[in-house]
Amino acid sequence: MGSYQTSCQPFVTASVPVPASSSTVGAGTVITFPGVTKFVIIRNDELGDSHTNSTIRLAFASGGLHEPNFNYITIPASGSFSADYRVTKVWLMSNSSTATSASVIAGITTIKAARAPSGSWENTIGVDKTS
């Protein structure tokens with residue numbers, strides 16, 4: 001599809017607040033992209049030390065951040081995650097009781113988010129729920 005083969009619009013946001021871990025669904029920070037992404041990069045901006053656990057949880061649906069689903073990816077302090085995923089939103093939450101911060105970089109295609117409602121992956125087995 002031409003929309004994925006052409007160059008994309010840059011999307012960058014830094015110092016995104018990532019809240020402490022919570023059992024409440026939807027308690028994380030949600031980043032909503034202005035269109036469907038071609039790629040995403042999430043960087044954990046915390047340097048980390050022996051007193052803090054600044055690991056970040058990254059999910060592609062609101063319920064994915066929370067146990068018992070464990071449908072999230074962890075990003076250690078000073079680490080990053082990158083993938084060529086078609087998404088319209090990502091959710092971030094600390095993996096501990098310590099808040100942290102992150103940077104989000106993405107390439108936005110010309111495809112509008114409304115044209116790809118599954119881009120948020122809500123209610124998808126393995127992403128938002130286990131069965």
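Four strands form an open sheet in the order E2-E7-E4-E5, and their pairing is antiparallel. Strand E2 (29–32) and strand E5 (73–75) are the edge strands, each pairing on one side only. On average, neighbouring strands of this sheet are turned by 30 degrees against each other, direction ignored. The model is predicted.

**Chain overview**

- The chain holds one helix and eight strands.
- Read from the N terminus, the elements run α-β-β-β-β-β-β-β-β.
- Of the 131 residues in the chain, 42% are buried.
- Among contacts with a separation of 6 or more, 81% join residues 24 or more positions apart.
- The exposed area of the chain is about 6700 Å². Carbon and sulfur atoms supply 53% of that area.

**Pairing of E4 and E5**

- Strand E4 covers residues 56–59.
- E4 and E5 pair in the antiparallel sense, over three bridges.
- Isoleucine 56 has isoleucine 75 in E5 as its bridge partner.
- In general, the strands of a sheet pair through backbone hydrogen bonds, either parallel or antiparallel.

**Threonine 29, on edge strand E2**

- Threonine 29 is found in strand E2.
- Threonine 29 counts as buried because its relative accessibility is 18%, under the 20% cut-off.
- Its side chain reaches the backbone oxygen of proline 17 at 2.7 Å.
- Leaving aside residues up to four places away in sequence, threonine 29 touches Val16, Pro17, Val18 and Pro19. It also touches Val90, Trp91 and Leu92.
- Pro17 therefore appears twice for threonine 29: as a contact and, through its backbone oxygen, as the residue that the side chain reaches.

**Threonine 37, on strand E3**

- Threonine 37 sits in strand E3 (residues 35–44).
- Its relative accessibility is 0%, so threonine 37 counts as buried.
- The side chain of threonine 37 reaches the backbone oxygen of tyrosine 85 at 2.7 Å.

**Aromatic pairs**

- The count of aromatic pairs comes to three.
- Phenylalanine 11 and phenylalanine 33 form an edge-to-face pair. Their centres are 5.1 Å apart, with 75 degrees between the planes.
- Phenylalanine 11 lies in strand E1 (residues 9–18) and phenylalanine 33 in the loop between E2 and E3, so this pair ties together parts 22 residues apart in sequence.
- Phenylalanine 11 and phenylalanine 33 are both buried.
- The ring centres of phenylalanine 60 and tyrosine 85 are 5.4 Å apart and the planes stand at 85 degrees, so this pair is edge-to-face.
- This second pair links distant parts of the chain, 25 residues apart. Phenylalanine 60 is in the loop between E4 and E5. Tyrosine 85 is in the loop between strand E6 (80–83) and strand E7 (89–94).

**The cluster around tyrosine 85**

- Ring pairs link Phe60, Phe81 and Tyr85 into a cluster.
- Phenylalanine 60 counts as buried because its relative accessibility is 11%.
- Tyrosine 85 is partly exposed, with a relative accessible area of 37%.
- Tyrosine 85 joins two themes: its ring pairs with phenylalanine 60, and its backbone oxygen is reached by the side chain of threonine 37.

How values were computed:
Residues numbered from 1 in each chain as written. Predicted model: local features only at pLDDT ≥ 70, side-chain atom pairs only at ≥ 80, totals over all residues. Heavy atoms only, no water. Helix = DSSP H or I, 4+ residues; strand = E, 2+ residues; numbered from the N terminus. Buried < 20%, exposed > 50% of the residue type's maximum accessible area, 1.4 Å probe, protein only. Polar contact = N/O pair within 3.5 Å; in protein donor to acceptor, adjacent residues only side chain to side chain. Pairing = 2+ DSSP bridges. Axes fitted to C-alpha atoms, helices over the stretch in contact; angles between N-to-C directions. Contact = heavy atoms within 4.5 Å. Areas by Shrake-Rupley, 256 points an atom, 1.4 Å probe, with all protein chains shown as cover. Phe/Tyr/Trp six-rings, centres within 6.5 Å; stacked < 30°, edge-to-face > 60°.
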